[in-house]
Amino acid sequence: MLGLMQSQPLSISSLIEFADRHHGDGEIVSRRVEGDIHRYQWSDVARRSRQVANALDGLALQFSDRVATLAWNGYRHLELYFGVSGSGRVLHTINPRLHPDQIAWIANHAEDQVLCFDLTFLPLVQAVHARCPTIKHYIALCDADKLPADSGVPHLTSYEAWIGGQSTSYEWPSFDENSASSMCYTSGTTGNPKAALYSHRSTVLHAYAAALPDVMCLSARDAVLPVVPMFHVNAWGIPYSAALTGCKLVFPGPAMDGKSIYELIEAEKVTYAAGVPTVWQMLLGHMKPAGLRFSTLKRTVIGGSACPPAMIDSFREEYGVEVLHAWGMTEMSPLGTLCTLKNKDLAKSPEEQMKLRLKQGRAIFGVDMKIVGEDGAELPWDGKTPGDLYVKGPWVVREYFKGEGGDPLVGGWFPTGDVAVIDSGGYMQITDRSKDVIKSGGEWISSIDIENIAVAHPAVAMAACIGMKHPKWDERPIVAVVKKPGAEVTREELIRFYEGKTAKWQVPDDVVFVDAIPLGATGKMLKTRLRDMLRDYKLPTA
Ligand code: ADP
């Protein structure tokens, strides 16, 4: 016997229609590429998304055709999120920080037909368009009078001219909820980029889950600043969850420096912000010397790479902002776990609570996880046995776009490439990426632990730990360190700083001072590049 409830496919168009009908007056504020602040409401997003859909129909785009973006976080990008996917096409957000060769490769692989870009990225488009034969239409996200003459880019139209004449009514099509809605290529830190192809169903389920109190806890009472880019796994799904909850959205546009972010948070009374640790480092770096305070910010989600304890401490103790440590990946839409404490954990000492907050957190319903050993057998949740982390669920990839890389699953589970421990309370902690783990004398050393201790030193701005070949121990850790401007610390001082903070055999054998640690396109440390930089390095202990 089947249930007798209405059957409605989960669709991205239903999110924007809901936003229009039920919180159409909710505000969307964007700092524009043009430099000014733009404000409008959810009802305007809905109206203009319908114009986008009509404009795409006008280009005779077929169902599932790909529409790419090279754009910052802003209202026009938001309209594309709903107009492209809602009308049955696939939104392909490209990371503009990638090398032009990679961008051309990705656009060709995705067979993009349209490319919508912020004018900031015109030089990039000029560099790649000749190598992107599938792209038939270029749309610059600007007013008609801002369209550059003689750009050399073929079939170039301004976004406002493109959608301006279109009808503001549109009948969103109904189709299978498993249809593709958007795609995102992995940042390629582990090889050739592969695309995760999200569906309407996976996106809507993820949007519900992300808004839950023990996840991102988003509501109509929040003003949310996604600093995490809309080209980085759909800004962690925030645009969709925002349409569902009716929170105010505040977009930073291209101004990602500490000063601009701080000013936006204060001016727009932001209560909630989300981003990777490097962004928050810039924000705190701007605030501390000037003695600035937050007047409205309550919570911040930090993820994408391990959040240093010093940062969690600083936000909580100095600024009264709760840090929610999150873990996920492109292949997981991206949310997997979030660290919110259970009631019984709140009775623990502040030190014990802090230990928990450092972990990547508990699974969200919709993601199951397990850790396995080299033989594939599941390992215990004892908080100390590390294993390869596997996940499964309705917003986890089953296969990459075009079957790239073959079947990624093992017995129905997706191997994340991360190494983790899980404790008896279900809190998961990433200790490494499997390729970064350091094996010393048959034991594993967590590079994240070593980095966290280094960045807790007042003179250290950034630290990356890598393993170096050692004749006796197989590998030994060293730590590459970037000093804070004007700060001084010696190798010996830093090595002494590890005393009492970790087991003796885990203390790095050496400290190498560098001007900068290479970062990837999503702001993560590129250890492959760092290893190249230190190719001729010799361990003093070897
Ligand atoms: P890529 O895998 O290409 O770097 P992703 O953005 O999908 O691109 O990155 C996912 C990876 O980032 C995870 O597998 C994990 O290694 C790392 N990561 C994400 N969040 C965290 C976190 N909170 N702590 C530690 N590592 C994290």
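1. The side chains of arginine 531 and aspartate 436 come together in a salt bridge, with 3.2 Å from N to O; this distance, like every other value in this note, is computed from a predicted model. Arginine 531 belongs to helix 16 (residues 527-533), while aspartate 436 sits in the loop between strand 20 and strand 21 (438-440), so the pair ties together parts of the chain that are 95 residues apart in sequence. The two partners should be described separately when it comes to exposure: arginine 531 is partly exposed, with a relative accessible area of 29%, whereas aspartate 436, at 9% relative accessibility, counts as buried.

2. For a student meeting such contacts early on, it may help to recall that side chains of opposite charge can pair when their charged atoms come close. In this model the count comes to 32 salt bridges, and two further examples deserve a careful look.

3. One of these is the pair of lysine 248 and glutamate 27, whose closest N and O atoms are 3.5 Å apart. Lysine 248 is found in strand 11 (residues 248-251) and glutamate 27 in strand 1 (residues 27-31), so that the salt bridge links distant parts of the chain, 221 residues apart. With a relative accessibility of 15%, lysine 248 counts as buried, while glutamate 27 is partly exposed, its relative accessible area being 28%.

4. The other is formed by aspartate 143 and arginine 76, whose side chains meet in a salt bridge at 3.8 Å, N to O. Here too the pair links distant parts of the chain, 67 residues apart, with aspartate 143 in the loop between strand 6 (137-140) and strand 7 (156-158) and arginine 76 in helix 3 (residues 75-86). Aspartate 143 is partly exposed, with a relative accessible area of 26%, but arginine 76 counts as buried at 6% relative accessibility. Both residues also belong to a network in which salt bridges that share partners join Arg32, Glu34, Asp36, Arg48, Arg76, Glu79, Asp143 and Glu160.

5. How many disulfides does the structure hold? The structure holds zero disulfides, and two cysteines can illustrate this result. Cysteine 217 is in no disulfide, and the nearest cysteine sulfur, that of cysteine 247, lies 11 Å away; since a disulfide requires two cysteine sulfur atoms within 2.5 Å, that distance does not meet the cut-off. For cysteine 339, the closest cysteine sulfur is in cysteine 307, at 11 Å, which is too far for a bond. As for their surroundings, cysteine 217 is partly exposed, with a relative accessible area of 30%, whereas cysteine 339 is buried, with a relative accessible area of 4%.

6. The second largest pocket holds about 940 Å³ of space. It is lined by 37 residues, of which Gln429, Thr431, Ser446, Asp449 and Gln506 are the closest to its centre. The elements that give two or more residues to this lining are helix 12 (309-319), helix 13 (350-357), strand 20 (428-433), strand 22 (443-445) and helix 14 (447-455), and helix 14 provides the largest share, five residues.

7. What is the chemical character of the residues in the lining of the second largest pocket, in terms of nonpolar, polar and charged? The lining divides into 17 nonpolar, eleven polar and nine charged residues, and Asp449 is among the residues closest to the centre of this pocket.

Terms used. Residues numbered from 1 in each chain as written. Predicted model: local features only at pLDDT ≥ 70, side-chain atom pairs only at ≥ 80, totals over all residues. Heavy atoms only, no water. Buried < 20%, exposed > 50% of the residue type's maximum accessible area, 1.4 Å probe, protein only. 1 Å grid on protein atoms, 1.4 Å probe; cavity = no way out; pocket = protein on both sides within 12 Å on 5 of 7 lines; lining within 4 Å. Points joined across faces, edges and corners; volume = space filled by probe spheres on them. Helix = DSSP H or I, 4+ residues; strand = E, 2+ residues; numbered from the N terminus. Nonpolar A, V, L, I, M, F, W, Y, C, P; charged D, E, K, R; others polar. Salt bridge = Lys/Arg side-chain N within 4 Å of Asp/Glu carboxyl O.
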